[in-house]
Amino acid sequence: MPAGTFVLIAILSVSLTALSQDDALLRQLDAREEQLEKLWAEYWTTDREITLGNDKLSTVPLRQRIRDVLTEPEFLAKMRSAEFQDATLERRRQFFLQEAIEAQIAADTELAQLVEEIERDESALRYQVGERKLTRAELNNIIGHEPDRALRRTAWEARAQITALTGERVRKAMKLRNALAQRHAGRAFTDFMLERKQTDRKGLMAWFEEIRRETDADYQRLLERIRRELKVEKVEPWDLEFYFSTITGEFEQKLLPAEEAWPRIQKLSRALGFDFETLGTDVVIADITFGGGTYPIYYGKQARIVVNKYKGVRFTDTLLHEAGHGLHFTLMREPSFLLRANYAEAYGEGLGQVMALLLYRDEIAGPYFGLSAEQVRAIQERYRLKSIVDMRETMAASLFEFAAYASPNQDLVALYNRIYSEYLGVDMHGTATWAFDPFYSTGPIYLQSYVLAEMVGRQIHHAVDQRFGRKWGLEAGRFLHEKFFMRGGRLPLDEIMKEGTGEPLTARYLIEAMKDPGAASRASSIPHTTDGSGARLSPGGR
């Protein structure tokens, strides 16, 4: 036999062996993904029950079982050394390795038990306001709706009660995460988590600065408007949310009662071709420590929504946002569990905003939510103004979190208040309210995704309008389904946005939506009402 033939046979033998090894590794990966899917379904079911008040359950053992599947030494070593030529398979491998690192951090026994302990205390706390003990939702409703400014301040200051209870433990959780990230990821916790959430610090900071800079004039006009119309010498933190709710009068609660929100959303969704009755999604209203949450029990099959007991438009907006998650989780069609579970976080939240933004459209708010043309114009203006505040609050909260992880031993009250005052232009009076945000304890490095989510939502709305016009129907729904709701983590966020909107993610449409060339001249012309004839209503969200 010629020498060349021996070489060819040897090459083919090596190639076949490599293919066989890849096939074997893929079969093992498939099996582990099936295990992970079942474990996460059990985890989300348990976590939901804990959220609803079942204090006899714990997610700590489930976290550890998930970690064990991801970190079995022999298989993990094979995944680290493998390199798949197929882009989708390689993406699955990368997600597996990222999940393994995150599991080693989150499932650490000390950290997991600490976080669960904090979460239980957050849920159980009743805030003392005068003679009353209030849930988180009740406290927020006072801050947002109570005409008595002194009582509103007392309720706002009561937020510090959670910091006194959990603040030092949240600081400890930050330190643990930092140490665990160095051990398992070899870098800072924030950097690992930003990569995990498919964003980067440089791009994020550029977007934050662009949004802040381009809307600063509008924000300064808004502060002056609040000062003038509330007849106060200076705007205080307990005035910001209140300003928007007081100008609605009885509007919110009369025309947007909580009991009618879900039937209306179901009707709207059917007009777009989405039927929640067949999608395996249900809704529970309860006192919880956040606005709302959707639990992806089984991607493509089943999702469960929990919403806090808010009032008026905040409740409807929040439920619409969670309905967007419900659509995403049940309509997703990716070829493996890791590709379903590892969508970009900002993208998932953005799909929630795609639905939430429908409430503020002329073609939706009237026919589906019973608002008059004047009321629709009013809520659009209010949403624009409230968005300017919300984006600044969220950016400030996110920047505080990054800075806190960089140096957790510093004075966190002073740090939070400095950043918040810088972005919102109000005096925090040295009050320790920072731990009132539950994400610092149970959902670290998440807040920045809400800013990006508003960008995603606005950009998708613009693209759908360009293609189908302002009146969305079944064709628009099919487009949303095929280009967005079906997507998971197979493609990066920018590629999904390019395919669906024609350009990568941009802040342009969010900034355009928040800016108003006529704001200075119109600011004093929108009437105050106490009878529900006009309103500018606030967004909700988790």
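This tour moves through a predicted model one selection at a time, from a small sheet to the helices and loops around it.

Residues are numbered from 1 along each chain as its sequence is written, and side-chain values use heavy atoms, with hydrogens and water left out. Because the model is predicted, local features need pLDDT of at least 70 and side-chain atom pairs count only at pLDDT 80 or more, whereas totals for chains, interfaces and linings use all residues.

**The sheet**

Begin by selecting strands 3, 5 and 4, which form an open sheet in that order, with mixed pairing; helices (H or I, at least four residues) and strands (E, at least two) are DSSP runs, numbered from the N terminus, and two strands pair if DSSP finds at least two bridges between them. Strand 3 (281-285) and strand 4 stand at the edges with a single partner strand each, so one side of each has no neighbour in the sheet. From one strand to the next the twist averages 20°, where axes are lines fitted to C-alpha atoms, for helices over the stretch in contact, and angles run from 0 to 180 degrees between N-to-C directions.

Add helix 15 (residues 312-331), which packs on this sheet and touches strand 3, strand 4 and strand 5, its direction making about 165° with that of strand 5; contact here means heavy atoms within 4.5 Å.

**Strand 4 and its hairpin**

Now narrow the selection to residues 292-298, which make up strand 4, where 6 of the 7 residues are buried, that is, under 20% relative accessible area, with exposed meaning over 50% and partly exposed lying in between (1.4 Å probe, protein chains only). Strand 4 runs antiparallel to strand 5 (residues 302-307), and 5 bridges join the two. To follow the pairing, look across from Thr294 to Ile305 in strand 5, and from Gly293 to its bridge partner Val306. The hairpin has 3 residues between its strands, and Gly300 takes a positive phi near 85° there.

**Helix 15 against helix 23**

Return to helix 15 and add helix 23 (residues 474-485), which packs against helix 15 at an angle of about 70°, with the axes 10 Å apart. That makes helix 15 roughly perpendicular to helix 23, given that angles under 35 degrees count as roughly parallel, over 145 as roughly antiparallel, 65 to 115 as roughly perpendicular and the rest as oblique. For the residues that meet, show Gly324, Leu327, His328 and Leu331 in helix 15 together with His481, Phe484 and Phe485 in helix 23.

**Helices 14 and 5**

Select helix 14 (residues 258-271), whose 14 residues should span 20 Å at 1.5 Å a residue, in agreement with the 21 Å between its end C-alpha atoms; the expected span is 1.5 Å times one less than the number of residues. Among its buried residues are Trp262, Arg264 and Gln266, and just after the helix Gly273 takes a positive phi of about 95°.

Next, in helix 5 (residues 109-124), the buried residues include Glu116, Glu119 and Glu122 as well as Leu111 and Ile118.

**Two loop residues**

Finish with Gln198, in the loop between helix 9 (189-196) and helix 10 (201-214), which has a positive phi of about 65° although it is not a glycine and is partly exposed at a relative accessible area of 23%. His429, in the loop between helix 20 (412-424) and helix 21 (439-442), is another residue other than glycine with a positive phi, near 55°, and is partly exposed at 31%.
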